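Here is a note for a colleague who has not yet looked at this structure. The points below can be read with the sequence and the model side by side.

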Amino acid sequence: MSFILRRIATTRSGKQIIRDSVLDGDQILLGRDSANALHITDLAVNPHHATISSHDGRMVRVVAQEGLGFDLNGRTLDVADIDSMGGAELRFGSHRLTISQEDQQIILLVERIDELSEASRHIDEARAFSLAGLLPGKRISAWLFAALMLVAFLAGPIWAWQTFRGVDERPEGFHADKTWSSGPLSSAHASLKNDCQSCHVDAFVAVTDKACVSCHTGEHKAMSKAHANASSAMLLAARREGSLGDQFLARIAQSFNRPQGRCVDCHTEHEGAGAMPATPQKFCADCHDGMAGRLSRAGHPTTLADAADFGTDHPEFRPLARTAMGAKPERLVLSDQSIDINGLKFPHDVHLDGNGGVARMAASFRGQYDFGKKLECRNCHTPEAGGVGLQPVNMQRDCAMCHSLTFETVGGVKRTLRHGKPDQVAADLTAYYRSTAPSAGLQLGGIERRRPGQYAEGQIYNIYFRESQMRPSRAEDAVRAVFSLGGACYDCHTIYAPTAGKGWRVEPVTQTARFMEKGWFDHGTHKETACADCHVSASKSAKSQDLLLPSVAQCRTCHVGETGASLKKVKVETKSSCAMCHEYHQDGGRPWQPADDRKKANYRDRENMRRNVDVSAVTKSGQEAVYISAVPIAPKMLYRVTWREIGQPDNRMGAS
Amino acid sequence: MASLFSRRRNKAAQNSRVREQKHEGFMRYAGFRWAKISGGLTLLVMASYALIDVSPRHNGGSWYGYTLGTMGALLILWLTMLGVRKRRRSDDHWSLKAWTSAHVYLGLSLAVIGTWHSGFQLGWNVHTLAWALMMLVIVSGMYGIAVYALLPRSLSANREEMTQMQMLEALRAFDRQLHGTAQGLAPADAAPVLAALSENPFAGGMAARLSGRYPRCATAEALAQLGQRRGTSEDVEKVVGLLGQKQAALGRLRRHLRLRALLEIWLYVHVPLTFALIAALSAHVISVFFYW
């Protein structure tokens, strides 16, 4: 029995040379050791790896010797019986042993099928030495990244926009176009952060005013009204020519379908969370600086004065004032000679004099009322709730401490004349004189001695009873006295003498609640300042009609422009932009202020302030008016004032 | 300026350059012409940003912002064209060196133009994404310049005038000798040698390539194991000697691979992110006009 061992060598030219050698014996050894009959130079093969035996020249038994098996048809085995007629391929390390039958003899073919080492394998130099094999190709990742960007940040957002076209409100959740947001929305619009389309309605169309007004109906109306319901053309004509850069941008914006003069020009959004930025003075001055000229050139003449900066360029105030008794209030340019006739006679100088009779009287009431050594402004002027303005002067509250209307005391109770009801005054006095006896004369009482021989008794009797008899007719004199020079009413009021069918009449007092309607002034924020610091001429005013409002120049002793500009040197500057006093939307309320400034001004809560201060309705009843606060649920009466009567009394008694 | 922009190379100038045999890299090209131009551009942007009053504050939507944005976008597209230019032969205008020099310096100034365009308002949105991608591309480019300046010296020091394939051939020679010498070893001793032979010198992944550290190196392992068996036989002695030599050759090859990886890696960031940037930039520009 013998095996034929076949080896195949390949020449450099690719030609194969087959060498056969005969191995005698029924059993041969296979291994790395050179003593083996079948010697394989392969480190993966044991020195004595296996025995190969055959007894019949056909069946071959292969038995692994030293623990390492061999592979047959993909399985690792230790023993295998192989029919050489069918043939088989066994694998030892990197070598292949093919068993076959040829001419009744068993052929063992041994070939190296693997490289000697990993390093010996053929490589593509350019690829192996570079990173090409380790990383995805630059081209593929470029396309992949680019596609990812376009899908996530272009297709996605447009799809989100398309999905919710015409939908009033988007559902909660993530919408891809949120990735387009250039910054957080202001706190007022924070709820819209998921709903880009609430403002950005149409593609490639700049945000329109329509989108703003769909929510802000009231503001829009107020704003249009405040700006004289001006057309867009007029508003645009008012604008100052911008810098070259701004003009360049405007031209670009125009060519890209982005019209000028929209709400969003001033109300910039996506500028960060928190309150919207305070509108800088520039936004007002852009139009109001030199506006009158521009408007008249554009065919929209205006009476509005130009204003650019409070410190340097602001027209004199034009408060509401009545230049004649009972006249309609009109806006007049404030000056030292400005008057406002309110129907009262009230000399401020007498009341504020520290040495006069008024001061004496006030001093005598110390303890009983909140008086000092002399009268102070606050003794007669009471702030409104919230402290913004002053309540109208009220006779009972603010004057009656001194100007008493008491005419009789009955059992310790004072009877007073009815203020505001001249007919009632006349009636009360008449009744008083009718129902009471004259006080007994000196002669009727006491125990003093009288001179004898005189008709003393009768004389006295006659004095008294004549008086008693005459007393009811005295009432008319008393009434006349009250309404005439030296009388209680006449001292303060303008009185009209009785005419046919009418009794004594008093000119209604018209107290202006707010002199400057276009601006906002808060007495509360000026608490630190004495009244006289601003109302400088009050202590010298001898007439009630003097309009004691401070002028722009007076304000400028503290208030300078937004950037600190001023005409004169100011010791303690208060930088004041337009928005400190003026509200663009002109809804009559307090101008909006950034939260920080509000805190500085020591306000508790803006909403409460507005509720307390604002007057939402005035219900008229005759000569009285009731101011109702703006608390929406429970209207609350703020105060009562006597209202100016419409129609002029024809018969006047002048205040000579 | 005329001399600054004389781009056409004439034959004589070319020849004289060849004669001079003086190497002038793209960084120093034409006496730092592009460094000066983009430095000036950068200063101009910074100064005008500080001087121009944009209300309410600087942002990409002001006229100044649009100007910078347009400049930046055009610059990005032009910078990308280097990839096209370097694939096309041109003997006439704009040598590749000039182009690369301009690419590098204008690319650096783009960092300022893009950032100043944003008005420093960044957020989690597509606009900042485009900015971030731009900065990544620029930073990767800066890395590229740095390694191109520093690493080639180490690379040639390491290879000692051998080619890549010569390094690999040395390894193969040691493997063949190891294989032959180890035939006489006992199976227990042959196993680590076999493992060393089965180790692929190019294996190890990105981490190993960039760090040059191969903690489970089979050759080192085999050396350690057989080192303990020294003196047992002559074959072991020989094998240990060969393993030591193989490890030295492997070390050189691996250092070479590491340096090459460090030289190449930035392009795998720079190029794909450039295309991501162009896509994000398109989304950024379209979104601005879409939600105008």
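**Notes on the two chains**

1. Of the 292 residues in chain B, 35% are buried. This is a predicted model, and the points that follow should be read as describing a prediction. Chain B has 11 helices and 0 strands, so the pattern along its sequence is helix after helix, α-α-α-α-α-α-α-α-α-α-α. Among contacts in chain B between residues at least 6 apart in sequence, 79% join residues at least 24 apart.

2. Chain A is built from both kinds of element, with 19 helices and 23 strands. Buried residues account for 19% of its 656 residues. For chain A, 46% of the contacts between residues at least 6 apart in sequence join residues at least 24 apart.

3. Two helix pairs in chain B are worth following, and they share helix α5(B). In one pair, helix α3 (residues 63-80) of chain B meets helix α5 (residues 96-118) of chain B, with axes that come within 9 Å and cross at roughly 150°. An angle over 145° counts as roughly antiparallel, and α3(B) and α5(B) are therefore roughly antiparallel to each other. Their crossing is left-handed.

4. Which residues make this contact between α3(B) and α5(B)? From α3(B) come Gly65(B), Leu68(B), Gly69(B), Met71(B), Gly72(B), Leu75(B), Ile76(B) and Leu79(B). From α5(B) come His103(B), Leu106(B), Gly107(B), Leu110(B), Ile113(B), Gly114(B), Trp116(B) and His117(B). By class, the residues of the contact are 9 nonpolar and 7 polar, with no charged residue.

5. The other pair joins α5(B) to helix α6 (residues 126-159) of chain B, at an angle of about 155° and with the axes 10 Å apart. These two helices are therefore roughly antiparallel to each other as well, and α5(B) passes α6(B) in a left-handed crossing. On the α5(B) side the contact is made by Val104(B), Gly107(B), Leu108(B), Leu110(B), Ala111(B), Gly114(B) and Ser118(B). On the α6(B) side it is made by Trp131(B), Met134(B), Met135(B), Ile138(B), Gly141(B) and Ile145(B). This contact has 9 nonpolar and 4 polar residues and no charged ones. Gly107(B), Leu110(B) and Gly114(B) appear in the contact with α3(B) and also in the contact with α6(B).

6. In chain A, an open sheet of 7 strands has the order β2-β1-β12-β11-β10-β7-β8, with mixed pairing. At its edges stand β2 and β8 (75-77) of chain A, each with a single partner strand, so one side of each has no neighbour in the sheet. Direction ignored, neighbouring strands of this sheet are turned by 30° against each other on average.

7. Strand β1 (residues 2-10) of chain A shows both senses of pairing in this sheet. With strand β2 (residues 16-24) of chain A it runs antiparallel, joined by 9 bridges. With strand β12 (residues 105-112) of chain A it runs parallel, joined by 5 bridges. Arg6(A) has a bridge partner on each side: Asp20(A) in β2(A) and Leu109(A) in β12(A). Ile4(A) stands opposite Val22(A) in β2(A).

8. The link from β1(A) to β2(A) is a hairpin with 5 residues between the strands. In the turn, Gly14(A) has a positive phi of about 100°.

9. A further open sheet of chain A has 5 strands in the order β4-β3-β5-β6-β9, again with mixed pairing. The edge strands are β4 (38-39) and β9 (79-83) of chain A, each of which pairs on one side only. Inside the sheet, strand β3 (residues 27-31) of chain A pairs with strand β5 (residues 50-53) of chain A in the antiparallel sense over 4 bridges. Ile28(A) has Ile52(A) as its bridge partner in β5(A).

10. The last point is where the chains meet. The contact takes 51 residues from chain A and 58 residues from chain B. On the chain A side, the elements that give two or more residues are α1 (125-128), α2 (138-163) and α6 (244-255) of chain A. The largest share of that side, 11 residues, comes from α2(A). By class, the chain A side has 30 nonpolar, 13 polar and 8 charged residues.

Conventions: Residues numbered from 1 in each chain as written. Chains lettered and ligands numbered in written order. Predicted model: local features only at pLDDT ≥ 70, side-chain atom pairs only at ≥ 80, totals over all residues. Axes fitted to C-alpha atoms, helices over the stretch in contact; angles between N-to-C directions. Parallel < 35°, antiparallel > 145°, perpendicular 65-115°, else oblique. Left-handed = near helix turned anticlockwise from the far one by under 90°. Contact = placed C-beta atoms within 7 Å. Nonpolar A, V, L, I, M, F, W, Y, C, P; charged D, E, K, R; others polar. Pairing = 2+ DSSP bridges. Buried ≥ 20, exposed ≤ 12 C-beta atoms within 10 Å, placed from the backbone.
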